Amino acid sequence: MNFCSECGGTVVLRVPSGDHLPRHVCPDCGTIHYQNPKMVVGCIPEWEDKVLLCRRAIEPRYGLWTLPAGFMENGETTLEGAARETWEEAGARIEVGGLYTLYNLPHINQVYFMFRARLLDLDFQPGIESLETRLFTEAEIPWDDIAFRTVRATLEQYFNDRRAGSFDFHFGDIRTR
């Protein structure tokens, strides 16, 4: 960051009074520009013994498979964001259930919230960010072509829980290798 979004002044990187981390601070108007993690929301759309995946039409990870998910927008809840992302990426109507996984990715400043969801019907189609949408059984999942570690971890946990007959909330950290 070079310039203040409030007054246009040149910002400096320093530890503000009462803080302990360096922040971009505008010496002209005193605005402190905090940079915080991005929230990613999505879901596991379920239909019978299958889950809905989307093949990405955008970078990063173009052409690989993912669960419908994306950055939360200002003014929406995590549930609203998960439903919106599912509609935008898969054209699917869902009933969002409980929070299923929460993964911290501190190396890229993201937090993933993945919910279980029930597809309301089979009327879905790729959105602008997807090349293809498809229902998969566990055996059909293209494991070698999953786009993100968070999605792979969520799917692995989901199928383990389904075999065990009990779905619990799971959380953890995914760090660089």
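Trainee: Which residue is the bridge partner of His24 in β3?

Mentor: In β3, His24 has His33 as its bridge partner. Please bear in mind that this is a predicted model, in which local features need pLDDT of at least 70 and side-chain atom pairs count only at pLDDT 80 or more, whereas totals for chains, interfaces and linings use all residues. Residues are numbered from 1 along each chain as its sequence is written, and side-chain values use heavy atoms, with hydrogens and water left out.

Trainee: What makes β2 and β3 a pair of strands?

Mentor: Strands are DSSP runs of E with at least two residues, helices are runs of H or I with at least four, and both are numbered from the N terminus. Two strands pair if DSSP finds at least two bridges between them; β2 (residues 23-25) and β3 are joined in the antiparallel sense over two bridges, so the condition is met. They belong to an open antiparallel sheet of three strands, in the order β1-β2-β3.

Trainee: Why are β1 and β3 said to stand at the edges?

Mentor: Each has a single partner strand, so one side of β1 (12-14) and one side of β3 (32-33) are left without a neighbour in the sheet.

Trainee: How do you know that β4 pairs with β9, and in which sense do they run?

Mentor: Nine bridges join β4 to β9 (residues 110-119), and the two strands run parallel; the requirement of at least two bridges is therefore satisfied. Gly42 stands opposite Met114 in β9, and Gly42 also stands opposite Ala69 in β7, a strand (residues 69-71) that pairs with β4 in the antiparallel sense over three bridges.

Trainee: Why is β4 called largely enclosed?

Mentor: Seven of its ten residues are buried, so the rest of the structure largely encloses β4. Buried means under 20% relative accessible area, exposed means over 50%, and partly exposed lies in between, with a 1.4 Å probe and protein chains only.

Trainee: Glu46 lies in β4; why is Glu46 counted as buried or exposed?

Mentor: Its relative accessibility is 15%, which is under 20%, so Glu46 counts as buried.

Trainee: What makes the link between the side chains of Glu46 and Arg116 a polar contact?

Mentor: A polar contact is a pair of N or O atoms within 3.5 Å; within protein, one must be able to donate a hydrogen and the other to accept it, and residues adjacent in sequence count only if both atoms are side-chain atoms. The value here is 2.9 Å, so the distance condition is fulfilled.

Trainee: How do you know whether Glu48, in the loop between β4 and β5, is buried or exposed?

Mentor: At 71% relative accessibility, Glu48 is over the 50% limit and therefore counts as exposed. Glu48 also has a positive phi near 55°, although Glu48 is a residue other than glycine.

Trainee: What makes such a phi worth pointing out?

Mentor: Most residues other than glycine have a negative phi, and most peptide bonds are trans. Arg61 likewise has a positive phi, of about 70°, and Glu59 and Pro60 are joined by a cis peptide bond with omega about 0°.

Trainee: Why is Arg61 called partly exposed?

Mentor: At 40% relative accessibility, Arg61 falls between 20% and 50%, so partly exposed is the category that applies.
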